[in-house]
Amino acid sequence: MAKRLVGKVALVTGASSGIGEATAIALAEEGARVAVTARRRDRLEKLAETLAALGAEPLVLEADLLDEAEAQRVVHETEAHYGRLDVLVNNAGVMYLEPVAEADLGRWRRMLELNVLSLIASTQAALAGMTARHDGHIVNISSTAGRIANPNAAAYSATKFGVVAFSEALRREVYKHGIRVTVIEPGAVATELRDHIGHAATKDALNAWADSMRQLQSRDVAEAIAFCVTRPPHVNINELLMRPTDQER
Ligand code: NDP
């Protein structure tokens, strides 16, 4: 089948593992040139070998996106390197779960800053180029937690509901410039995300819940993202909610 992203340039944040890594590969398989960013350069360099073998002419951008200036820099460096940015996948995120009464507010601040503010900053940086070309696609990764709020996930859900709200308002601002906005809301995906939960009881409960089902794989989400960004220019999939078959809520 013909590759559908030939001539396009993508930037994937949080590409050193999980959904972001799989998405970078899926977009490269469709013929895109792909820039990847995260903090773990070694993981990005390894991914870049795979991307190069696919002909994606990868650009590795090590960055800590907790700093919004860095979120803007990676967009501008991608544009400077390839001369354009067509598809921005705002995927970098963390999930710190704990009851509100016991929450470490410093941890929650970092989660709010990465999951929401950094996504806003990279989006803002991409708009000028996309508006000038009257073309572009911004894909924001939310979650089922952006649709349903569960105990012990109050702040994570606040970030992911925030991503949904931001994406819809953004779409309504930029559709007239030919820019598409898609928000992806996956259920449980088998990745490293849960490893960083600092509250032991919550972590154990969530791992038991996830282990009780056939979880989505990163590739499943990557294929959904690839589907959204390979629709004809007049088609904008605004929102894509996907769960493991075995997941109820
Ligand atoms: P991973 O932990 O595998 O990936 C998270 C990515 O974010 C990594 O590449 C990590 O790279 C990057 N990241 C974390 N902190 C920073 C930072 N400060 N600066 C730059 N990059 C950072 O988890 P997933 O693949 O599961 O998560 C990807 C997205 O999917 C997240 O937004 C998550 O909320 C969302 N999601 C995940 C679900 C799941 O069940 N797994 C379900 C629904 C949504 P590095 O550490 O190298 O910086």
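The expected span of a helix is 1.5 Å times one less than its number of residues. That rule is used at the second stop of this tour, which runs through a predicted model.

**Whole chain**

Start with everything selected. The protein has seven helices and seven strands, and along the sequence they follow the pattern β-α-β-α-β-α-β-α-β-α-β-α-α-β. Showing C-alpha atoms alone gives a box of roughly 50 × 35 × 30 Å along the principal axes. For 249 residues, a compact globule would have a radius of gyration near 18 Å; the protein has 17 Å, so the two agree.

Colour by accessibility next. Buried residues account for 54% of the 249. The exposed surface of the protein comes to about 11200 Å², of which carbon and sulfur atoms supply 52%. If contacts are drawn between residues at least 6 apart in sequence, 71% of them join residues at least 24 apart.

**Helix α1**

Select residues 18-29, which form helix α1. With 12 residues at 1.5 Å a residue, α1 should span 16 Å, and its end C-alpha atoms are 17 Å apart, which agrees.

How many of the 12 residues of α1 are buried? The count is 10, so the helix is largely enclosed by the rest of the structure. The buried residues are G18, I19, G20, A22, T23, A24, I25, A26, L27 and A28. To see what covers them, add β1 (9-13), β2 (33-38), α2 (41-53), β4 (87-90) and α7 (218-229), which are included in that cover. Past the end of α1, select G31: its phi is positive, near 100°.

**Ligand**

Now select the ligand and the residues around it. There are 30 of these, and the closest are S16, R39, R40, Y156 and T191. Three polar distances can be checked in the viewer:

- I19: a backbone N or O atom lies 2.8 Å from an oxygen atom of the ligand.
- D64: an N or O atom of the side chain is 2.8 Å from a nitrogen atom of the ligand.
- K160: an N or O atom of the side chain is 2.9 Å from an oxygen atom of the ligand.

On its own the ligand has 880 Å² of accessible area, and the protein covers 96% of that. I19 is also one of the buried residues of α1, so this stop and the previous one share a residue.

**S142**

From K160, go to S142. The backbone oxygen of K160 lies 2.9 Å from a polar atom of the S142 side chain. S142 sits in the loop between β5 (136-141) and α5 (154-174).

Is S142 buried or exposed? Its relative accessible area is 3%, so S142 is buried; the cut-off for buried is under 20%. Beyond its neighbours within four places in sequence, S142 is in contact with K160, V163, V164, V183, I184, E185 and P186. For a distance check, pick E30: its C-alpha atom is 23 Å from that of S142, with the two positions 112 residues apart along the chain.

**N152**

Stay in the loop between β5 and α5 and select N152. N152 has a relative accessible area of 31% and is therefore partly exposed. Its phi is positive, about 75°, although N152 is not a glycine. Most residues other than glycine have a negative phi.

**E57**

A second non-glycine residue with positive phi is E57, at about 45°. Look for E57 in the loop between α2 and β3 (59-62).

**N90**

Move to strand β4 and select N90. With a relative accessible area of 3%, N90 is buried. Its side chain makes a polar contact of 3.0 Å with the side chain of T123. Not counting residues up to four places away in sequence, N90 touches T13, L119, S122, T123, I138, V139, N140 and I141.

**M242**

The last stop is M242, in strand β7 (residues 239-242). M242 counts as buried, at 14% relative accessibility. Which residues is M242 in contact with, leaving aside neighbours within four places in sequence? They are T144, E185, P186, G187, L216, D220, V221 and A224. Of these, E185 and P186 also appear among the contacts of S142. Finish by measuring to L216, which is 26 residues from M242 in sequence and 8.9 Å away, C-alpha to C-alpha.

Key:
Residues are numbered from 1 along each chain as its sequence is written. This is a predicted model: local features need pLDDT of at least 70, side-chain atom pairs count only at pLDDT 80 or more; totals for chains, interfaces and linings use all residues. Side-chain values use heavy atoms; hydrogens and water are left out. Helices (H or I, at least four residues) and strands (E, at least two) are DSSP runs, numbered from the N terminus. Buried means under 20% relative accessible area, exposed over 50%, partly exposed in between (1.4 Å probe, protein chains only). Contact means heavy atoms within 4.5 Å. A residue is near a molecule or strand if one of its heavy atoms lies within 4 Å of it. A polar contact is a pair of N or O atoms within 3.5 Å; within protein, one must be able to donate a hydrogen and the other to accept it, and residues adjacent in sequence count only if both atoms are side-chain atoms. Accessible areas come from the Shrake-Rupley method with a 1.4 Å probe; for residues, only the protein chains shown count as cover. The radius of gyration is taken over C-alpha atoms; the globule rule is 2.2 Å times the number of residues to the power 0.38.
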